[in-house]
Amino acid sequence: MTPGAATYLGPLQPSSTFYRLVQGLQSSASASRALATAKTRRTLSKRVDMLVADGVTVVVAAGNYDDDACGYNPAFIPSAITVGSYGGTSGSSTDKSPFSNYGSCLDVWAPGTYIYSTYISNDNAVAWASGTSQACPHVSGLAAIMYEEYPTAGSMTASQRWDLVTVSKRTNYVTGIPTTPASVNLVALAPTGSPTPSPPTSSPTPGPTADAGIAVGDPHLQNIHGDRFDLMREGTHVLINIPRGMSAENALLRVQADAARLGGHCADMYFQGVNITGSWAEARQPGGYRYTASQHEAQTPGWVGMGKVELKVVHGHSVSGYQYLNFYVKHLGRAGFAIGGLLGEDDHALESTPPKSCVNQMSLWDISKSKALQNGI
């Protein structure tokens, strides 16, 4: 069981059982109960709202009546995550399970036909079972993973937590959903790691491990795929964002670097600041980490573990005396999520394209140099 997360699963029982569950899980992180009765109860809705406001993710089954889930309790509760079932009649189909409720109260679909699961007869019993009560635990399991990966999830809003649970997802996947009332067509997926980068085609230079990204102070960049490119645009750039596409306030790890040209227009670019935030950074140091090139380096820099990756920021000096920062990161392949940012999988075409004025200046310099060589100068 994930520390700080509680997942309660059980067979269909009178609603009073769920009342006791709600009363007893105020301090838990993830409450899941497969229960669908025809009558809605306002008291239950208020109690679920209280749980959600306290940082708990409540996951409920949509019900097994092939009907509008909004007419069933607790599937109707807006603050709960209501799960419908797909798998068709065989368990291997993308069709809606023939028994599953549907409609506007649904939030997500999960496999629920012929699921090999624990059973009620004794502590060691297992059986093949079907129902939205089998689909529901798939989603509560993702919620438990979310709480483990995001230590501050309990203080987030319900909407922010849901964004984290569904950071990896598939849309328009389930088939055979009735058109009226309309249902969401969303399947949440387990987090996946970043793809392993292809090996370099040329002889490798000494440097980071295979799954590392590297950014040095020129700055020359190398992303997780091994692509090398120069940063040609001034300003603040996102080097790492885990998971990819996650907002800054909800990211596990986010590294931003301030790049500036030192020495005049179209001069070389250098990192002048590096800002490291996200829940992994917050877990080590409240507020995260901020480095500037002008800071005095008190000791030899070392690798700092944040979550499942390691980072290092090193001060450097150019031949002309300019101070700058080098940034290194390794073990990105172990993060468990897709990696965003220039060192991840984000496109770098714009950032690696020099401004038009600098391109023209370089071209004029090349022409002058060529004429000088022709004249023997």
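In this predicted model, the side chains of lysine 96 and aspartate 66 form a salt bridge, with 2.9 Å between N and O. Lysine 96 sits in the loop between β3 (81-86) and β4 (108-111), while aspartate 66 sits in the loop between β2 (57-61) and β3, so the pair ties together parts that are 30 residues apart in sequence. Lysine 96 is buried, at a relative accessible area of 9%. Its partner, aspartate 66, is partly exposed, at 39%. The cut-off explains the two labels: buried means under 20% relative accessible area, and partly exposed covers values from there up to the limit for exposed, which is over 50%.

**Salt bridges**

The whole structure contains four salt bridges. Side chains of opposite charge can pair when their charged atoms come close. Three of the bridges, including the one above, are listed here.

| Lys or Arg | Asp or Glu | N to O distance |
|---|---|---|
| lysine 96 | aspartate 66 | 2.9 Å |
| lysine 308 | glutamate 149 | 3.4 Å |
| arginine 290 | aspartate 258 | 3.0 Å |

Glutamate 149 and lysine 308 meet through their side chains. Glutamate 149 belongs to helix α3 (residues 132-149) and lysine 308 to the loop between β16 (304-306) and β17 (309-317), so this salt bridge ties together parts that are 159 residues apart in sequence. Glutamate 149 is buried, with a relative accessible area of 11%. Lysine 308 is partly exposed, with 41%.

Arginine 290 pairs with aspartate 258, and their closest N and O atoms are 3.0 Å apart. This pair links distant parts of the chain, since arginine 290 is in strand β15 and aspartate 258 is in strand β13 (residues 253-261), 32 residues apart. Arginine 290 counts as partly exposed, at 40% relative accessibility. Aspartate 258 also counts as partly exposed, at 24%.

**The four-stranded sheet**

Strands β13 and β15 both belong to an open sheet of four strands, in the order β12-β13-β14-β15, with antiparallel pairing. The edges are β12 (235-242) and β15 (289-292); each has a single partner strand, so one side of each is left without a neighbour in the sheet. On average, neighbouring strands of this sheet are turned by 20 degrees against each other, direction ignored. Strands of a sheet pair through backbone hydrogen bonds, either parallel or antiparallel.

The sheet can be followed from one edge to the other. Strand β12 is joined to β13 by seven bridges, and the two run antiparallel. Here isoleucine 240 stands opposite valine 255 in β13. Next, eight bridges join β13 to β14, again antiparallel. Alanine 257 has valine 274 in β14 as its bridge partner. Finally, β14 (residues 269-277) and β15 run antiparallel and are joined by four bridges. Isoleucine 276 has tyrosine 289 in β15 as its bridge partner. The salt bridge of arginine 290 and aspartate 258 thus involves β15 and β13, which are not next to each other in the order of the sheet.

**The chain as a whole**

The secondary structure comes to six helices and 18 strands. Of the 377 residues in the chain, 44% are buried. Among contacts between residues at least 6 apart in sequence, 60% join residues at least 24 apart. The chain exposes about 18,500 Å², and carbon and sulfur atoms supply 52% of that area.

Notes: Residues are numbered from 1 along each chain as its sequence is written. This is a predicted model: local features need pLDDT of at least 70, side-chain atom pairs count only at pLDDT 80 or more; totals for chains, interfaces and linings use all residues. Side-chain values use heavy atoms; hydrogens and water are left out. Two strands pair if DSSP finds at least two bridges between them. Axes are lines fitted to C-alpha atoms, for helices over the stretch in contact, and angles run from 0 to 180 degrees between N-to-C directions. Buried means under 20% relative accessible area, exposed over 50%, partly exposed in between (1.4 Å probe, protein chains only). Contact means heavy atoms within 4.5 Å. Accessible areas come from the Shrake-Rupley method with a 1.4 Å probe; for residues, only the protein chains shown count as cover.
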